[in-house]
Amino acid sequence: MKIVSISNIKGGVGKTTTAAVLAAGLAEKGYRVLLIDSDPQTNLTMCFLQEQTDELSSLYDIYGDSESIDDVKVPVRDNLDLIIGDFELCNADIQFTKAGRLKMLKKAIKSIDGEYDFVIIDTPPNLGVLSLNAFIASDYMVVPMSVDSFSLKGVRLLKETLDDVADETEKELPVAGILLTKYNSRTNVSKLLEKSLNSAAGLLGTKVFGNRIRQAVVVQESQIAKEDLFSYSPDAKVAEDYKGFIDEFLERTGA
């Protein structure tokens, strides 16, 4: 079982979309996938479920030790289960202060070892206790970046955090790659960012994925329809972009 964090400390970079589409694409290939919404904004949950989720148990209950992953998971399509997010997790940094608080998610995931091939975690756009729990639990990280919000300073901060995680766990968290999203090859901005993007990848000890994810309205349409991209519009060009990325991801993670 491989555990993967999708992370960037900047919002609006396609992080949640990448988590959702990666999970759906892996499930379509026959892998058993668990998707975890660790962002209190719960945008990932809203990609798959109707807005009324108050009756359902969530990741908050797992952190509170009142529920297990097997009790909380919700099937959303063949081979794909979801742990829904919870706005209550906004207070995670204040509420979860007990010893071992940075390994709570790792402990919970360990209880389902062997049930899934992949666990995909959508992390918040910050470096608080929720992100640190995800990093410590993970085997790999994918870093989405969009051409309109790229920041080398943010990458440096992420690198410092990963170094701290390595000290805590005595092992490094490999970054499988940087994924360029909302890409438009016709704009000068996209071309100018190539050099900076490669510098950022070098700082994280990784490479930029060869497949770029173009900007496409169909992605938002699929989320409004509560369908994964491959079910909603399998022939869309952006779906082909993501399929290429998923093949690269599988190659880099040795799956």
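Student: What angle do helix α1 (residues 15–28) and α12 make where they pack?

Tutor: In this predicted model, the angle between α1 and α12 is about 75°, and their axes lie 10 Å apart.

Student: Why are α1 and α12 called roughly perpendicular to each other?

Tutor: Set the value against the cut-off. Angles from 65 to 115 degrees count as roughly perpendicular. The angle here is about 75°, so α1 and α12 are roughly perpendicular to each other.

Student: Which residues of α1 and α12 make the contact?

Tutor: On the α1 side they are Thr17, Thr18, Val21, Leu22, Gly25, Leu26 and Glu28. From α12 come Tyr242, Lys243, Phe245, Ile246, Phe249 and Leu250.

Student: Let's turn to the sheet. What makes β3 and β7 the edge strands?

Tutor: Start with the order, which is β3-β4-β2-β5-β1-β6-β7 in an open sheet of seven strands with mixed pairing. The strands β3 (74–77) and β7 (175–181) each pair on one side only, and they are the edge strands. From one strand to the next, the twist averages 25°.

Student: How do you know that helix α12 packs on the sheet?

Tutor: Look at what α12 (residues 237–252) touches: β1, β5 (118–122), β6 and β7. Contact means heavy atoms within 4.5 Å. The direction of α12 makes about 170° with that of β7. Angles over 145 degrees count as roughly antiparallel, so with about 170° the directions of α12 and β7 are roughly antiparallel.

Student: How do you know that β1 and β6 pair?

Tutor: Two strands pair if there are at least two bridges between them. Strand β1 (residues 2–6) and strand β6 (residues 140–146) are joined by three bridges, so the condition is met. These two strands run parallel. Across from Val4 you will find Tyr140 in β6.

Student: In what sense do β3 and β4 pair, and over how many bridges?

Tutor: β3 and strand β4 (residues 80–83) are antiparallel, with three bridges between them. Arg77 has Leu80 in β4 as its bridge partner. The two strands form a hairpin with two residues between them.

Student: What is worth pointing out about the phi of Asn79?

Tutor: The phi of Asn79 is near 70°, which is a positive value in a residue other than glycine. Asn79 sits in the turn of that hairpin.

Student: Is Asn79 buried, exposed or partly exposed?

Tutor: Buried means under 20% relative accessible area, exposed means over 50%, and partly exposed is in between. Asn79 has 36% relative accessibility, so it counts as partly exposed.

Student: Why does Gly30 count as partly exposed?

Tutor: The relative accessibility of Gly30 is 46%, so it falls between 20% and 50% and counts as partly exposed. Gly30 belongs to the loop between α1 and β2 (33–37). Leaving aside neighbours within four places in sequence, Gly30 is in contact with Asn79 and Asp117. Gly30 and Asp117 are 87 residues apart in sequence, yet their C-alpha atoms are 9.5 Å apart in space.

Student: Why is Ser233 called buried?

Tutor: The relative accessible area of Ser233 is 19%, which is under 20%, so Ser233 is buried. Ser233 lies in the loop between α11 (229–232) and α12. Not counting residues up to four places away in sequence, it touches Val218 and Ala239.

Student: And what makes Thr42 buried?

Tutor: The relative accessible area of Thr42 is 15%, again under 20%, so Thr42 is buried too. Thr42 is in the loop between β2 and α2 (43–48). Thr42 has a phi near 60°, a positive value in a residue other than glycine.

Student: What makes you say that helix α7 is mostly covered?

Tutor: Nine of the nine residues of α7 (residues 129–137) are buried. Leu130, Phe135 and Ile136 are among them.

Student: Finally, why is the chain called as compact as a globular protein of that length?

Tutor: The radius of gyration is 17 Å, and the globule rule gives 18 Å for 255 residues; the two are close, so the chain is as compact as a globular protein of that length. The chain has 12 helices and seven strands, and 53% of its 255 residues count as buried.

How values were computed:
Residues numbered from 1 in each chain as written. Predicted model: local features only at pLDDT ≥ 70, side-chain atom pairs only at ≥ 80, totals over all residues. Heavy atoms only, no water. Helix = DSSP H or I, 4+ residues; strand = E, 2+ residues; numbered from the N terminus. Axes fitted to C-alpha atoms, helices over the stretch in contact; angles between N-to-C directions. Rg over C-alpha atoms; globule rule 2.2 N^0.38 Å. Buried < 20%, exposed > 50% of the residue type's maximum accessible area, 1.4 Å probe, protein only. Parallel < 35°, antiparallel > 145°, perpendicular 65-115°, else oblique.
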